[in-house]
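Visitor: Could you take me slowly through one part of this structure, and show me how its pieces are put together?

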Amino acid sequence: EIIDENQKNKLNLIDTNSSRMLELVDQLLELSKIDSGNLKLILKDGNISSFLHSIIEPFQFQSKEKTINFIPNIEKTIENHSFDKDVIQKIVTNLISNAFKYTSKNEPITFSSSVVNSNLKLIISNSAVDVKKEDLPKLFERFYQKNEANQGVGIGLALVKELVDLYRGSIETTLENGKLSFIVQLPLSISNENAIIIPSKTETENIQNANVTET
């Protein structure tokens, strides 16, 4: 209902900053749960490639707005796997958001996924003009800032590292020819002491049918 463009811009800025503040609070709470050992994986049966497509859809829209060349390559999976939707969404979203944060107009960001030997492999790459190889080990430090003139990486990458560790997976960073890549591998198995397994609908029906037969 506001016509004044200056007021609209200010309200949009307030909305953006409040959303960012909420995101930071959520990330801090998530890290607090991990630190206290209270965060568990919730493994449910589902199609991982379909789920990843739903995660990247907003980024495809965002790339058009920011004139960034976002190139996804999600290998289609036919079989279902057990995975934690919330944790994988946080990992993928934080890594792609970080890439968007530091990528200039018309520069490419690539995202690929594949399932090999029951392991989900994710690779997120973007141009990294201001990153050097000696910076790589520090990227996962909470609130890491290269210098006072540069914006820091906040806690997004630190949260990613903690979530990958919770998943008993691995994350690796590489820097080649000015391209920064994050390589994540997550086991798609139910043998994880940090996990709570939610039976699939079919399994639940089988259990119920067995109970009925026994009675």
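Guide: Strands (E, at least two residues) and helices (H or I, at least four) are DSSP runs, numbered from the N terminus. This is a predicted model, in which local features need pLDDT of at least 70, side-chain atom pairs count only at pLDDT 80 or more, and totals for chains, interfaces and linings use all residues. Residues are numbered from 1 along each chain as its sequence is written, and side-chain values use heavy atoms, with hydrogens and water left out.

Let us look at the sheet, an open one whose 5 strands follow the order 2-4-5-7-6 with mixed pairing, where two strands pair if DSSP finds at least two bridges between them. Strand 2 (69-74) and strand 6 have a single partner strand each, so they stand at the edges, and one side of each is left without a neighbour in the sheet. On average, neighbouring strands are turned by 10 degrees against each other, direction ignored, with axes fitted to C-alpha atoms, for helices over the stretch in contact, and angles running from 0 to 180 degrees between N-to-C directions.

Within the sheet, strand 4 (residues 108-116) and strand 5 (residues 119-127) are antiparallel partners over 8 bridges, and Thr110 has Ser125 in strand 5 as its bridge partner. Helix 2 (residues 48-66) packs on the sheet, touching strand 2, strand 4 and strand 5, and its direction makes about 175 degrees with that of strand 2. Helix 3 (residues 85-102) lies across strand 2, strand 4, strand 5 and strand 7 (179-187), and runs at about 15 degrees to strand 5.

At strand 6 (residues 170-176) we find Thr174, which is buried, with a relative accessible area of 18%, where buried means under 20% (1.4 Å probe, protein chains only). Leaving aside neighbours within four places in sequence, Thr174 is in contact with Leu136, Lys179, Leu180, Ser181 and Ile183, contact meaning heavy atoms within 4.5 Å.

Key: Buried means under 20% relative accessible area, exposed over 50%, partly exposed in between (1.4 Å probe, protein chains only).
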